[in-house]
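Please consider the following protein structure. The account below leads through its fold, its charged contacts and its surface.

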Amino acid sequence: MMLSPDQAETDLSWTQSDPESILNSLKSAGCTSDEPTEGEERVRCRSDQPLSREEKRRRRRATAKYRSAHATRERIRVEAFNVAFAELRKLLPTLPPDKKLSKIEILRLAICYISYLNHVLDV
């Protein structure tokens with residue numbers, strides 16, 4: 001966030017350094033502080049409106065359980081992707097046969113090989 005020359009730093013709420021003025025602004029906005037539990041202070045804002053769909057989604061995605069499940073799904077997806085490329089690599093003729101190819105090289109070689117096989121079948 002950039003400050004315009006005519007905007008004073010004292011106008012911004014995030015620049016307040018006085019803890020009492022920050023608490024007063026939270027209380028005036030309808031936010032209350034619950035009793036701290038296990039060294040953790042919780043601040044909750046009361047609002048008349050229920051959470052929006054986007055806000056619910058953001059909160060659900062922020063949980064450790066959701067992140068862990070997402071990471072597991074991503075690992076499985078990447079593993080399947082790598083296995084598919086390894087199987088495709090086994091089917092492609094290359095010289096030398098044990099040459100390590102990148103994924104884009106495997107795809108380009110597969111396209112050329114399919115074109116060649118189509119040409120052989122057409123003749």
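The model is predicted. A useful point of entry is Glu55, which is partly exposed, with a relative accessible area of 25%. That value places Glu55 in the intermediate class because buried means under 20% and exposed means over 50% relative accessible area. The side chain of Glu55 meets that of Arg59 in a salt bridge, with a distance of 3.2 Å from N to O. The two residues are 4 apart in helix α2, which spans residues 53–61, so they are separated by about one helical turn. The contact also belongs to a wider arrangement, as Glu55, Arg58 and Arg59 are linked in a network of salt bridges.

The setting of this helix follows from the overall order of elements. The protein chain contains 4 helices and 2 strands, and from the N terminus on these elements run α-β-β-α-α-α. Of the 123 residues of the chain, 7% count as buried. The salt bridges of the model come to 5.

Helix α3 provides further examples of such charged pairs. Arg77 forms a salt bridge with Glu74, and the closest N and O atoms of the pair are 2.8 Å apart. Both residues lie in helix α3 with a spacing of 3 residues, about one turn of the helix. How accessible is Arg77? At 46% relative accessibility, Arg77 counts as partly exposed, and Glu74 is partly exposed as well, with a relative accessible area of 34%.

A second pair in this helix joins Lys90 to Glu87 through a salt bridge whose closest N and O atoms are 3.5 Å apart. Lys90 and Glu87 also lie in helix α3, 3 residues apart, which again corresponds to about one turn of the helix. Here the two partners fall into separate accessibility classes: Lys90 is exposed, with a relative accessible area of 64%, whereas Glu87 is partly exposed at 42%. The assignment of Lys90 follows from the cut-off, because exposed means over 50% relative accessible area.

Beyond helix α3, the chain passes through a loop before helix α4, and Pro96 is found in this loop. What kind of peptide bond joins Leu95 and Pro96? The bond is cis, with an omega of about -15°. As a general point of comparison, most peptide bonds are trans.

The relation between helices α3 and α4 can be followed through individual residues. Ala86 is placed in helix α3 and is partly exposed, with a relative accessible area of 37%. The C-alpha atom of Ala86 is separated by 9.2 Å from that of Ile106, a residue 20 positions away along the chain. Another such pair involves Ala110, found in helix α4. The C-alpha atoms of Ala110 and Leu92 are separated by 6.7 Å, although the two residues are 18 apart along the chain. Is Ala110 buried or exposed? At 9% relative accessibility, Ala110 counts as buried, because the limit for that class is under 20% relative accessible area.

Ala86 and Ile106 also appear together in the description of the largest pocket. This pocket has a volume of about 170 Å³. Its lining consists of Asn82, Phe85, Ala86, Arg89, Lys99, Lys100, Leu101, Ser102, Lys103 and Ile106. The elements that give two or more residues to this lining are α3, residues 64–91, and α4, residues 103–122. The largest share of the lining, 4 residues, comes from α3. By class, the lining of the pocket has 4 nonpolar, 2 polar and 4 charged residues.

Helix α4 also carries a feature of the outer surface. Tyr116 has its place in this helix, and Tyr116, Leu117 and Val120 make a nonpolar surface patch of about 270 Å². Tyr116 is partly exposed, with a relative accessible area of 49%. This residue therefore remains in the intermediate class, since exposed means over 50%. It can nevertheless contribute to the patch because patches are made of residues with over 30% relative accessible area and no salt bridge.

How values were computed:
Residues are numbered from 1 along each chain as its sequence is written. This is a predicted model: local features need pLDDT of at least 70, side-chain atom pairs count only at pLDDT 80 or more; totals for chains, interfaces and linings use all residues. Side-chain values use heavy atoms; hydrogens and water are left out. On a 1 Å grid over the protein atoms alone, a cavity is a set of points where a 1.4 Å probe fits but cannot get out, and a pocket is an open set with protein on both sides within 12 Å along at least five of seven lines; lining residues have an atom within 4 Å of a point. Grid points are joined across faces, edges and corners, and a volume is the space filled by probe spheres set on the points. Ala, Val, Leu, Ile, Met, Phe, Trp, Tyr, Cys and Pro count as nonpolar, Asp, Glu, Lys and Arg as charged, and the others, Gly among them, as polar. Patches are made of residues with over 30% relative accessible area and no salt bridge: like charges are joined within 9 Å, nonpolar side chains (Val, Leu, Ile, Met, Phe, Trp, Tyr) within 5 Å. Accessible areas come from the Shrake-Rupley method with a 1.4 Å probe; for residues, only the protein chains shown count as cover. A salt bridge is a side-chain nitrogen of Lys or Arg within 4 Å of a carboxyl oxygen of Asp or Glu. Buried means under 20% relative accessible area, exposed over 50%, partly exposed in between (1.4 Å probe, protein chains only).
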